[in-house]
Amino acid sequence: MKHVETLHWVGEVDGYLALIDQTLLPLKCVEIQCRNAEAVWEAIKMLRVRGAPAIGIAAAYGVCLGLQTVAGQAEDALYQRLGEVADYLASSRPTAVNLFWALERMKQRAAELRGRAPTRSVGRRPKVGWAAEIAETLLAEARAIHEEDRRTCRAIGRHGAELLEDGQGVLTHCNAGGLATADYGTALAVIFAAAESGKRLHVYVDETRPLLQGARLTTWELKQRGIHTTLICDSMAAVVMQQRRVQAVITGADRIAANGDVANKIGTYGLGLLAAAHQIPFYVAAPTSTFDLSLSSGAGIPIEQRDPREITHGFGRQTAPEEIDVYNPAFDVTPAELIRAIICQRGLIRPVTRQRIAEVLGAGR
Ligand code: MRU
């Protein structure tokens, strides 16, 4: 099967962002073109592109698209537009901190260049050529964020693979695979790397209500790699553990607080409790860009509330009475004490404590 990239930039600074529309998977693998910041915002909001690292990468390219509207204008116009477009993209989804991390990194790179035009580009139309150079530098920054995530995912896979043993069953939730990142994934990277090293694994995949990222995306990825995969309803996780079908649980993360509390797809907290009750290790795999050290604990993590129709009218079919009251948080927070280790590109954070996190992340994200 032809390898299709989760997302990629096409062309130069006047190019566009192409991404797999994940809402159509697994039935259709279709690439869409985002040619302005509004299209990127919509793609993030509607989960055409989703998963914390992929959202961050898309937003970085979204900034580049937003700046195309001021191409040829002066430096001040570029900075004003940069601020507007970054704020706008930041409003797409609230929980995955990689979105804000990537936007901040783009703004930071731009700030380093502000007012530093070499004298040759200061002419009758001041700093026009310099603004174009800044736009090019920002595209290079977005590409760097993208490329770094590729390497990060491979490193997470390498570090995490040692936690899994030949013949084990592993449970995962939502999709933390190649589709949620530049490539290869976080939680799935651990599984892929273990499988590539010759370990035979049996992966149980929660379907992940209400948007079925597990059923639609994770099974699709695992099947492509020939890994033994069994799909279950979310409500079956307890019995799968009770029957000792799995010896490890691995998920990704959307935001990790300084004390190690982890926000991830709704249902993850339940898995953490179940794993503890059955003495099964629960691991979280995430890049350092998913940590938010400004938050002392998970209590401060903003949780996205999504459209009730995702529950009452899932995939276009009404399954609840009209006007029923609905609660639809997209994420929950798993307390650090339920997590055996966090696997990041720098290695294992174990035990998951404030101190150990500070040690590993000391050199920054
Ligand atoms: O709502 P989604 O599909 O964006 O939620 C995604 C998750 O919860 C993932 O587990 C998380 O972003 C990690 S992806 C490597």
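Where is proline 210 found? In this predicted model, proline 210 is found in the loop between strand S5 (202-206) and helix H7 (213-224), and the close-up views below take up this residue together with several others.

**View 1. The peptide bonds that precede proline 210 and proline 26 are shown here.** The bond from arginine 209 to proline 210 is cis, with omega near 0°. A cis peptide bond also runs from leucine 25 to proline 26, where omega is near 5°, and proline 26 lies in the loop between S2 and S3.

**View 2. The surroundings of the ligand are shown here, with 18 residues around it.** The closest of these residues are Arg50, Arg93, Asp254, Asn264 and Lys265, and by class the shell consists of eight nonpolar, six polar and four charged residues. The space that the ligand takes is the largest cavity. Two elements, helix H2 (52-67) and strand S9 (262-265), each give two or more residues to the shell.

**View 3. Polar side-chain atoms that approach oxygen atoms of the ligand are shown here.** In the side chain of arginine 93, an N or O atom is 2.8 Å from an oxygen atom of the ligand, while a polar side-chain atom of glutamine 213 lies 2.9 Å from a ligand oxygen. For asparagine 264, the distance from a polar side-chain atom to an oxygen atom of the ligand is 2.6 Å. Of the 420 Å² of accessible area that the ligand has on its own, the protein covers 100%.

**View 4. Arginine 255 and its side-chain partner, aspartate 292, are shown here.** Arginine 255 has its place in strand S8 (residues 255-257), and it counts as buried because its relative accessibility is 7%, which is under 20%. The side chains of arginine 255 and aspartate 292 are joined by a polar contact of 2.6 Å.

**View 5. Threonine 23 is shown here together with arginine 48.** Threonine 23 has its place in the loop between strand S2 (16-20) and strand S3 (31-34), and with a relative accessible area of 30% it is partly exposed. Although threonine 23 and arginine 48 are 25 residues apart in sequence, their C-alpha atoms are 5.4 Å apart in space.

**View 6. Phenylalanine 315 and glutamate 323, which have positive phi values, are shown here.** Phenylalanine 315, found in the loop between helix H10 (309-312) and strand S12 (331-334), has a phi of about 55° although it is not a glycine. Glutamate 323 has its place in the loop between H10 and S12, and its phi is about 60°, although it is not a glycine either. Phenylalanine 315 is exposed, with a relative accessible area of 53%, and glutamate 323, at 81% relative accessibility, also counts as exposed.

Notes:
Residues are numbered from 1 along each chain as its sequence is written. This is a predicted model: local features need pLDDT of at least 70, side-chain atom pairs count only at pLDDT 80 or more; totals for chains, interfaces and linings use all residues. Side-chain values use heavy atoms; hydrogens and water are left out. A residue is near a molecule or strand if one of its heavy atoms lies within 4 Å of it. A polar contact is a pair of N or O atoms within 3.5 Å; within protein, one must be able to donate a hydrogen and the other to accept it, and residues adjacent in sequence count only if both atoms are side-chain atoms. Accessible areas come from the Shrake-Rupley method with a 1.4 Å probe; for residues, only the protein chains shown count as cover. On a 1 Å grid over the protein atoms alone, a cavity is a set of points where a 1.4 Å probe fits but cannot get out, and a pocket is an open set with protein on both sides within 12 Å along at least five of seven lines; lining residues have an atom within 4 Å of a point. A molecule sits in a cavity or pocket if more than half of its atoms lie within 2 Å of its grid points. Helices (H or I, at least four residues) and strands (E, at least two) are DSSP runs, numbered from the N terminus. Ala, Val, Leu, Ile, Met, Phe, Trp, Tyr, Cys and Pro count as nonpolar, Asp, Glu, Lys and Arg as charged, and the others, Gly among them, as polar. Buried means under 20% relative accessible area, exposed over 50%, partly exposed in between (1.4 Å probe, protein chains only).
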